[in-house]
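Some descriptive terms in structural work rest on explicit cut-offs. The exchange after the display asks why certain of them apply.

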Amino acid sequence: MLKLLQTRLRQGYRTSAYPKKPIQLHPSYRGRPEIDRDCDPELVQRCAAACPQEAIDAVTRRIDLGRCVFCGLCQQLSEGKFIRFSRDFRLGVAERQHLLCDGEFPDLAAHSKQHFKRLFGRSLQLREVSAGGCNACEADTNVLNTPFFDLSRFGIQFVASPRHADGVFVTGPVPRNMKTALLDTYQAIPTPKVVIACGSCALSGGPFRGSDEIVPLETLLAVDLFIPGCPPHPLTILDALLRYFQG
Ligand code: SF4
Ligand code: SF4
């Protein structure tokens, strides 16, 4: 017991000071894209043709971050001349069309629903539904419960029962086999309730987009908060939750 206490004292307080203090992510992290809209049209066309997610619109020169899996191919092909991914992890948006990115993002806090802030700003309980995801979105969400992020210090918790939840947090592309389970979970949550879509799969089907085996989430439920990434970094998820509900 004494040894345990000594170890604990030696380790000290390990929880991140974020959001009071900024966090620098590793240089290889790909976050908010910076787009040169005056780039050579031929290069833009090449990037659009190569994108595995058909996420680049060569005419409007926007990336659909709901589809993008942040593979970095467009940055590599254009040598950063058309698209360069920054280390800015603040990617959450309140409306699907805000993910059609030209490099600028609307302020999430300004677009969040005021009644959700009043109701859930100090206490938010979420039920996670892993709807056919590869487990990376789920893993990066689980990480928020570790001492480093300590999600519960913000009054946000993941709960086991939808009856105890204020909303559903969906990851994965929603295969047909998960449709009923997802809808049953949503129905079991008392109103008012919030719907959060996390990761490219939940936002657009991700790598499974177009498959007959999936049912797009937006055809089942009205999503309130969209968190892009494949998977989204835990800080992207945390930042989106804080700005949407407490910003
Ligand atoms: S990073 Fe996104 S936009 Fe670029 S090629 Fe990959 S999926 Fe397409
Ligand atoms: S968005 Fe990417 S990381 Fe998340 S479940 Fe889909 S494939 Fe996996």
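The questions and answers below set computed values against definitions.

This is a predicted model, in which local features need pLDDT of at least 70 and side-chain atom pairs count only at pLDDT 80 or more, while totals for chains, interfaces and linings use all residues. Residues are numbered from 1 along each chain as its sequence is written, and chains are lettered from A and ligands numbered from 1 in the order in which they are written.

Q: Why is strand 6 called mostly covered?
A: A residue is buried if 20 or more other C-beta atoms, placed from the backbone, lie within 10 Å of its own, exposed if 12 or fewer, and partly exposed in between; strand 6 (residues 124-130, a DSSP run of E with at least two residues) has five of its seven residues buried, and is therefore mostly covered.

Q: How do you know that strand 6 pairs with strand 8?
A: Pairing requires that DSSP find at least two bridges between two strands; five bridges join strand 6 to strand 8 (residues 167-171), so the two pair, and they run parallel. Within this pair, Arg127 stands opposite Val168.

Q: What makes the shell around ligand 2 a mixed one by class, nonpolar, polar or charged?
A: Ala, Val, Leu, Ile, Met, Phe, Trp, Tyr, Cys and Pro count as nonpolar, Asp, Glu, Lys and Arg as charged, and the others, Gly among them, as polar; by that division the shell has seven nonpolar, six polar and no charged residues. Among its closest members are Gly133 and Cys134.

Technical notes: Near = placed C-beta within 6 Å. Helix = DSSP H or I, 4+ residues; strand = E, 2+ residues; numbered from the N terminus.
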